[in-house]
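Me: I've got a structure to go through for class. Help me read it, one bit at a time?

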Amino acid sequence: MTMDFQSQPDVGAGDSGDVAVTYGRNPAVRDTGALARSHMPLVRRIAWHVHGRVSSAIEVEDLVQIGMVALVEAASGFEDRGFAFSTYATMRIRGAMIDHLRRHATICRSAMGRRREMEGARRTLQSALGREPSEAELSAAMGIDPGTFRELVDSTASVRHESIDEVYSDQSMWFADVEERIDQTIERGQMKAALAARIADLPEREAMVLQLYFVEEMNLEEIGQTIGVGAARVCQIKKSALDKLRASLREWD
């Protein structure tokens, strides 16, 4: 049966029973702030009800915040047509919470169905084999090839959001400081200066070979053509230069 709300008479505050304010169709005579404040407990009740079904997906206080926004919007847009504001607000609040959960869902319904199918096959094989089945065994049990099974695993993997305080660890590589410490920067600069000074003390040909090999990235054959010697001789010159550098930089070891 369809109710014609347009035909219902306007109801004042004394008739609605929600709050002692006037709700008429004219927003100017409606105290939306008082209307919203009086229904704040309703938001928390709905939040706890929704949270009971999706406790692993969102915190109850987040649902409360979403509900409060929806409550204010409902109070601003409410038109009294003979039905209680609490009924209208309940639909708006619950709808806002469900919409938020849908927008932020990590996997779609079809993927959830495939994941349940995969978990069922896993449990069946675990019972039969007495151990954790391999991906090849699971894919065979589900009648799909290993490549398709791997795509299925990736597509049905849900994302878990955790607080940074819960996962932080001084020993974790994910939280390692990637920037060089100031003492390392100073030491590196001193090392470069010492190395440049030692190279400047080398014979001109040895310094040139190191320059061409390490800076210009030329191979031994190309260096030999540049300085007019064979590749074997370039190799000897490079070794001699490096030996001298190592000997003069022993204090850095």
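**Helix α7 and the salt bridges**

Me: Which residues of α7 are buried?
Reply: In α7, the buried ones are Leu138, Ser139 and Met142. Buried means under 20% relative accessible area, exposed is over 50%, and partly exposed is in between, using a 1.4 Å probe and protein chains only. Helices here are DSSP runs of H or I with at least four residues, numbered from the N terminus.

Me: Where do those buried residues sit around α7?
Reply: They line one face of the helix, because they fall within an arc of 95 degrees when you look down the axis of α7. The arc is taken from the directions running from the helix axis to the C-beta atoms.

Me: Is this an experimental structure or a predicted one?
Reply: This is a predicted model, with local features needing pLDDT of at least 70 and side-chain atom pairs counting only at pLDDT 80 or more, while totals for chains, interfaces and linings use all residues. Residues are numbered from 1 along each chain as its sequence is written, and side-chain values use heavy atoms, leaving out hydrogens and water.

Me: OK, back to Ser139. How buried or exposed is Ser139?
Reply: Ser139 counts as buried, at 2% relative accessibility. Ser139 lies in α7, which covers residues 135-142.

Me: What does Ser139 touch, leaving aside neighbours within four places in sequence?
Reply: Ser139 is in contact (heavy atoms within 4.5 Å) with Ile144, Asp145, Pro146 and Phe149.

Me: What follows α7?
Reply: Gly143 does, and its phi is positive, near 75 degrees.

Me: New topic. How many salt bridges does the structure hold?
Reply: Eight. A salt bridge here is a side-chain nitrogen of Lys or Arg within 4 Å of a carboxyl oxygen of Asp or Glu.

Me: What does Glu61 pair with?
Reply: Glu61 pairs with Arg44, and their closest N and O atoms are 3.2 Å apart. That pair links distant parts of the chain: Glu61 is in α4 (residues 60-77) and Arg44 is in α3 (residues 40-53), 17 residues apart.

Me: Are Glu61 and Arg44 buried or exposed?
Reply: Neither label fits. Glu61 is partly exposed at 40% relative accessibility, and Arg44 is partly exposed too, with a relative accessible area of 35%.

Me: α4 again: what does Glu73 meet in a salt bridge?
Reply: The side chain of Glu73 meets that of Arg92, at 3.6 Å from N to O. Arg92 lies in α5 (residues 85-103) and Glu73 in α4, so this pair ties together parts that are 19 residues apart in sequence. Arg92 is partly exposed, with a relative accessible area of 30%, and Glu73 is partly exposed with 43%.

Me: And Lys239, what's its partner?
Reply: Asp243, with the closest N and O atoms 3.0 Å apart.

Me: Which helix holds Lys239 and Asp243?
Reply: Both lie in α13, four residues apart, which is about one turn of the helix. Why does that spacing suit a pair? An α-helix has 3.6 residues a turn, so residues three or four places apart point the same way.

Me: How exposed is each of them?
Reply: Lys239 counts as exposed, at 53% relative accessibility, whereas Asp243 is partly exposed, with a relative accessible area of 35%.

Me: Last one: which residues do salt bridges with shared partners join into one network?
Reply: Glu119, Arg122 and Glu132.

Key: Helix = DSSP H or I, 4+ residues; strand = E, 2+ residues; numbered from the N terminus.
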